[in-house]
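Visitor: I'd like a close look at one single part of this model, with what packs against it and what comes just before and after it. Please keep it informal, and give me the cut-offs as you go.

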Amino acid sequence: MKGPVDIARLERARLLKQGLRATARREALEVAAGVSETVALSRARGTGIAAPVGSRGETPYRRLPGLEWLGRKGRLTSAQRLAGERYGTCWRRAQAEAKITSALEISSGGSSRGMPLSVVLSQAEARAQAGARLALYRKRLGDQRDLIAACDAICGLELTPREAARSEREVAKIEAVLGVALDLLGVDALHHR
């Protein structure tokens, strides 16, 4: 048989556990409200956000790149999206900076201290090839500044049209210009295989 001290101790433990659960629920609600506010602000700024999949929100929100956002909205054909992805991959490779912090860190072999020279040379060659391909893509666009800027922003930097635009009026223009540019890149790629 339990005495009054044991009953009081059990009651105190139950109340403490109940208080901890209430605190945890309150904190979870505050975090959810903060996430909702951040997502709403990001969407208002034009960022494409993929909502969590799942009934309890186990999957986190994810920022959508510009091409994926336009594709989900049905504003790109599959050929346009493929052309944009090729352009974006090439743009990012060409823009990549060498990851050499010091010439002393390059090694001729596979030492543990530095990056092997063969890897450094391979990365530099890949950047140079991407730069040459990017120059060809831009030639296919007729070196038109607006076409190139739309491809750089949406395909390369992965911005949504709203993020890339300086004003609301420019959003539709960027989408239209991008569509023309991707059509040119897609059609030209079919003829130059």
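Guide: What follows is a walk around helix 5 and its surroundings.

This is a predicted model, where local features need pLDDT of at least 70, side-chain atom pairs count only at pLDDT 80 or more, and totals for chains, interfaces and linings use all residues. Residues are numbered from 1 along each chain as its sequence is written, and side-chain values use heavy atoms, with hydrogens and water left out.

First, the setting. The chain has seven helices and four strands, in the order α-β-β-α-α-β-β-α-α-α-α along the sequence. Helices here are DSSP runs of H or I with at least four residues, strands are E runs of at least two, and both are numbered from the N terminus. Of the 193 residues in the chain, 28% are buried, where buried means under 20% relative accessible area, exposed means over 50%, and partly exposed is in between (1.4 Å probe, protein chains only).

Now for helix 5 itself, residues 145–156. Nine of its twelve residues are buried, so helix 5 is largely enclosed by the rest of the structure. Those nine are Leu147, Ile148, Ala150, Cys151, Asp152, Ala153, Ile154, Cys155 and Gly156.

What does helix 5 pack against? One partner is helix 3 (residues 78–95): the two pack at an angle of about 85°, with axes 8 Å apart. The axes are lines fitted to C-alpha atoms over the stretch in contact, and angles run from 0 to 180 degrees between N-to-C directions. That angle makes helix 3 roughly perpendicular to helix 5; the bins are under 35 degrees for roughly parallel, over 145 for roughly antiparallel, 65 to 115 for roughly perpendicular, and oblique for the rest. On the helix 3 side you'll find Gly84, Tyr87, Gly88, Trp91 and Arg92, and they meet Ile148, Cys151, Asp152, Cys155 and Gly156 of helix 5, a contact being heavy atoms within 4.5 Å. By class, this contact has five nonpolar, three polar and two charged residues. Here Ala, Val, Leu, Ile, Met, Phe, Trp, Tyr, Cys and Pro count as nonpolar, Asp, Glu, Lys and Arg as charged, and the others, Gly among them, as polar.

Helix 3 also packs on helix 4 (residues 117–140), at about 135° with axes 8 Å apart, and the two are therefore oblique to each other. Tyr87 and Trp91 are among the helix 3 residues that meet helix 4.

Next, the two ends of helix 5. In the loop between helix 4 and helix 5 sits aspartate 143, a residue other than glycine with a positive phi near 55°. Aspartate 143 is partly exposed, with a relative accessible area of 43%. Just after helix 5, glutamate 158 also has a positive phi, about 65°. Glutamate 158 is partly exposed too, with a relative accessible area of 29%. As background, most residues other than glycine have a negative phi.

Threonine 160, in the loop between helix 5 and helix 6 (161–164), counts as buried at 1% relative accessibility. Leaving aside neighbours within four places in sequence, threonine 160 is in contact with Gly46, Thr47, Gly48, Arg63, Leu64, Gly66, Trp69 and Ile154. Ile154 is one of the buried residues of helix 5, which brings us back to where we began.
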